Amino acid sequence: MHYQGKVKVRFKKSVLEPQGKAVELQLKETHHSGILEIRVGKWIDVLIDAESEKEALSKLQALADEVLYNPVMEVCEIEVEKV
Amino acid sequence: MNSNNAKARNLRAGVLYFPGTNCERDLVHALENIYGIKTELLWHTESFQTEHDLYFVPGGFSYGDYLRSGALAARSISMRSLKEAAQQGRMIVGICNGFQILTEAGLLPGALVRNEKLKHVCRWVGLEAAGKWAAHIDKPFQLPVSHSEGNYIAPEETIRELVNEGRILCKYSENVNGSTENIAGITDRSGRILGLMPHPERALEPTNDFTYTKNTPGRYFFDTLLGMV
C-alpha cells in the first residue's frame with residue numbers, strides 16, 4: 001500500500017530564521033497591518049510503500065530522524081495519509 | 001618547507017570529496033606541493049582503508065547544499081569510513097562546507113546556520129586562535145572566508161563546554177556572520193577532530209596574500225596541525 005507522508009521542518013524558536021525575518025520586515029514596511037511575525041520553513045512530501053499506516057509512520061519517522069531534520073536547529077512534525 | 005618536516009615523516013593524507021565539493025584541489029596542492037605529504041582523493045561512493053595519518057573534508061557546496069548544508073554528504077558511504085578513522089583517533093579537519101559536514105555527521109557538536117545578515121560573506125577576516133590553539137598561534141592573523149552558512153549555534157551547555165574545555169579553535173576579531181561567541185572553528189573533546197569556516201589552504205602562497213606582506217598565514221594553521229599529527 002502507498003502512503004503519502006508529509007514532513008514539516010521548522011527552525012526552533014530560539015534560532016534566528018533570517019529568511020522569515022526579512023519577509024516579515026519587508027511586509028511590515030509595506031503596511032500589511034496586523035502581521036506580527038513570519039518564519040519560513042520546509043515542507044517535504046515522501047511517498048511510502050508500507051503494509052499499514054503504523055509502519056508508514058515509523059518508516060517516515062526513521063527517515064526524518066536520520067536525515068530530514070537536524071535537532072540542533074530544527075523541529076519536525078510528520079503525518080501520513082493513505083493514497 | 002615547514003619545520004615539522006612532514007615529508008621526512010612520510011605522512012599520508014586523505015581528502016574526501018563529494019558532488020559539488022570545490023576546494024579539494026587546493027588542499028591537494030597545499031599538502032603535496034607545499035608540505036610534501038602524499039595525498040589521496042577519496043570519492044563519496046567508496047569506503048576506504050583508514051590508513052592515512054590525517055583526513056580533510058574540504059569546502060564547496062556538496063550536493064548543492066540541498067536539504068541543509070552538509071546534510072547529504074554527512075550520510076555518504078565514505079563518511080562511514082571517516083567515522084571509523086575518528087574512532088581510531090586519526091586527525092580530521094573539516095574546512096567550510098567540511099565543517100558543516102562534520103557537524104551534520106555528529107563528529108562535531110552544534111550546527112552552522114544562515115549568516116545573520118543573509119549575505120554570502122567572501123573576504124579576508126581577522127582571526128585569533130583560542131582555547132588550546134592559542135598556545136600555538138599567539139598573534140592575530142587573517143584568512144579568507146567564503147560562506148553563506150557560517151553562523152555557529154549550539155545549545156548553551158555545549159557552548160559552555162567548548163569555552164571551558166578550550167575547544168574553540170579560533171574566533172573572528174569581527175563577527176562577520178552572527179556566530180555565537182564569534183566562533184570560527186572548534187575541536188571535539190580529543191582535540192583531533194577540527195572544524196573551521198576560514199580557508200587556510202587558500203592562504204599558503206605568497207601570491208594568495210591580499211595584504212601583500214607575503215605572510216602566508218595559512219601556514220600558522222597547517223604548521224600547528226602537522227605538529228599534532
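**Exercises on the contact between chains B and A**

In this predicted model, Arg68(B) pairs with Glu74(A) in a salt bridge whose closest N and O atoms lie 3.8 Å apart.

**Exercise 1.** Establish how many salt bridges and polar contacts link the two chains, and which element of chain B gives the largest share of its side.

*Solution.* Begin with the pair Arg68(B) and Glu74(A): a distance of 3.8 Å falls within the 4 Å cut-off for a salt bridge. The count of salt bridges between chain B and chain A is 2. Next, 5 residue pairs are in polar contact, both residues being at pLDDT 80 or more. Strand 5 (residues 111-113) of chain B then supplies the largest share of that chain's side, 3 residues. By class, this side holds 10 nonpolar, 2 polar and 5 charged residues.

**Exercise 2.** Describe the extent of the interface and identify which residues of chain B lose the most area.

*Solution.* Chain B contributes 17 residues and chain A 16 residues. Together the chains bury about 1200 Å², with 68% of it on carbon and sulfur atoms. On the chain B side, the most area is lost by Leu67(B), Arg68(B) and Arg75(B), together 42% of what that side buries.

**Exercise 3.** Determine whether the radius of gyration of chain B agrees or disagrees with that of a compact globule.

*Solution.* For 229 residues, a compact globule would have a radius of gyration near 17 Å; chain B has 16 Å, which agrees. The C-alpha trace spans about 40 × 40 × 30 Å along its principal axes. Of the residues of chain B, 56% count as buried. The chain contains 5 helices and 11 strands.

Note on methods: Residues numbered from 1 in each chain as written. Chains lettered and ligands numbered in written order. Predicted model: local features only at pLDDT ≥ 70, side-chain atom pairs only at ≥ 80, totals over all residues. Heavy atoms only, no water. Contact = heavy atoms within 4.5 Å. Buried area = accessible area lost by both parts, 1.4 Å probe. Salt bridge = Lys/Arg side-chain N within 4 Å of Asp/Glu carboxyl O. Polar contact = N/O pair within 3.5 Å; in protein donor to acceptor, adjacent residues only side chain to side chain. Helix = DSSP H or I, 4+ residues; strand = E, 2+ residues; numbered from the N terminus. Nonpolar A, V, L, I, M, F, W, Y, C, P; charged D, E, K, R; others polar. Rg over C-alpha atoms; globule rule 2.2 N^0.38 Å. Buried < 20%, exposed > 50% of the residue type's maximum accessible area, 1.4 Å probe, protein only.
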